[in-house]
Amino acid sequence: MKQLRNIVEINEELCNGCGLCVLGCMEGAIEIIDGKAKLVKEIYCDGLGACLSHCPTGALKVIQRKAEAFDEKATIEYLKTKKTQSCLSTAQNKPLDKTGEKLNGSLNNWPFKIHLVSPDAEFLKNADILICADCAVALAKNFHAEYLQHKVLLLACPKLENFDNYQPKLEAIFKNANMRSCTVLRVEVPCCRGLAAAVENAIKTSGSKIKAKHIILTREGKEALSPFL
């Protein structure tokens, strides 16, 4: 039953799809869908507006309207069912390169999870892009220096995340970004093949002429194969 209460409203015209509001919503009420922030369900929004301060464009505001009541129990259960998202550490010390010198910055973009990245994000344009499986970050012995330096990171897990939703986003990225290069870093396990397949399908359907470089890591963190497909 709907009641008059405070609830978050999203102005899609102002939303740039950065995904920062998703990180700021502890109830998981907001998701990025088709490049825009959307309220998943009214019952997951407590109406307190903690997400507002995370939005750089002012696309979020709290309004009063008739909506379904906030359901704390349902929200807790919903959060339990959400797929666990892996995050890179924000350690104070920057990683070292082969010479032992500190790298000048290790992460070049935010957000970096594919489901949070807008296909129109400025950091994608004319960039060298690394599309990486979550587990490859943990296995690569010198991930930042060997693979990430000077690249834009797009991180995903083809096993825990729904890649059917990623296909149109990847297609839009390849169509709009005019990227300089694309590298796919994955692990030699069956579930990781889905990442490579999604990238190749997106390149084909987008009409992009780019040729992705695929790097496969063994479970020991060594490169098994680096073909251009």
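Trainee: Hi! Which residue forms a salt bridge with E42?

Mentor: First, some ground rules: we have a predicted model, where local features need pLDDT of at least 70, side-chain atom pairs count only at pLDDT 80 or more, and totals for chains, interfaces and linings use all residues. Residues are numbered from 1 along each chain as its sequence is written, and side-chain values use heavy atoms, with hydrogens and water left out. Now look for a salt bridge (a side-chain nitrogen of Lys or Arg within 4 Å of a carboxyl oxygen of Asp or Glu). At E42, the closest N and O atoms are 2.9 Å apart, and the partner is R65.

Trainee: How many residues apart are E42 and R65 in the chain?

Mentor: E42 sits in the loop between β3 (36-39) and β4 (60-68), while R65 is in strand β4. Strands (E, at least two residues) and helices (H or I, at least four) are DSSP runs, numbered from the N terminus. The pair links distant parts of the chain, with a separation of 23 residues.

Trainee: Is E42 buried or exposed?

Mentor: Go by relative accessible area: under 20% is buried, over 50% is exposed, and in between is partly exposed (1.4 Å probe, protein chains only). Its partner R65 is partly exposed because its value is 29%. E42 comes to 15%, so E42 counts as buried.

Trainee: How many salt bridges are there?

Mentor: The idea is that side chains of opposite charge can pair when their charged atoms come close. E42 with R65 is one such pair, and R180 with D128 is another. By the rule, the count comes to six.

Trainee: Which residue meets D134 in a salt bridge?

Mentor: D134 is in helix α3, and its partner is 21 residues apart from D134, in the loop between α2 and β5. Both members of this pair are buried. The N to O distance is 3.3 Å, and the partner is K113.

Trainee: Where is D128, the partner of R180?

Mentor: In this pair the closest N and O atoms are 3.1 Å apart. R180 is exposed because its relative accessibility is 56%. R180 lies in the loop between α5 (166-176) and β7 (181-187), and 52 residues separate R180 from D128, which is in strand β5.

Trainee: How far apart in space are A136 and T218?

Mentor: A136 belongs to helix α3 (residues 134-139), and A136 is buried because its relative accessibility is 0%. In sequence, A136 and T218 are 82 residues apart. In space, C-alpha to C-alpha, they are separated by 9.2 Å.

Trainee: Which residue does the cis peptide bond from W110 lead to?

Mentor: Most peptide bonds are trans, and most residues other than glycine have a negative phi. After W110, though, omega is near 0°. The next residue lies in the loop between α2 (72-81) and β5 (128-133). The cis bond runs from W110 to P111.

Trainee: What is the phi of N126?

Mentor: N126 lies in the loop between α2 and β5. N126 counts as partly exposed because its relative accessibility is 41%. Its phi is positive, in a residue other than glycine, and is near 55°.

Trainee: And what about H150, what is its phi?

Mentor: Look in the loop between α4 (143-148) and β6 (152-156) for H150. H150 is exposed because its relative accessibility is 63%. Here too we have a positive value in a residue other than glycine, and phi is near 70°.
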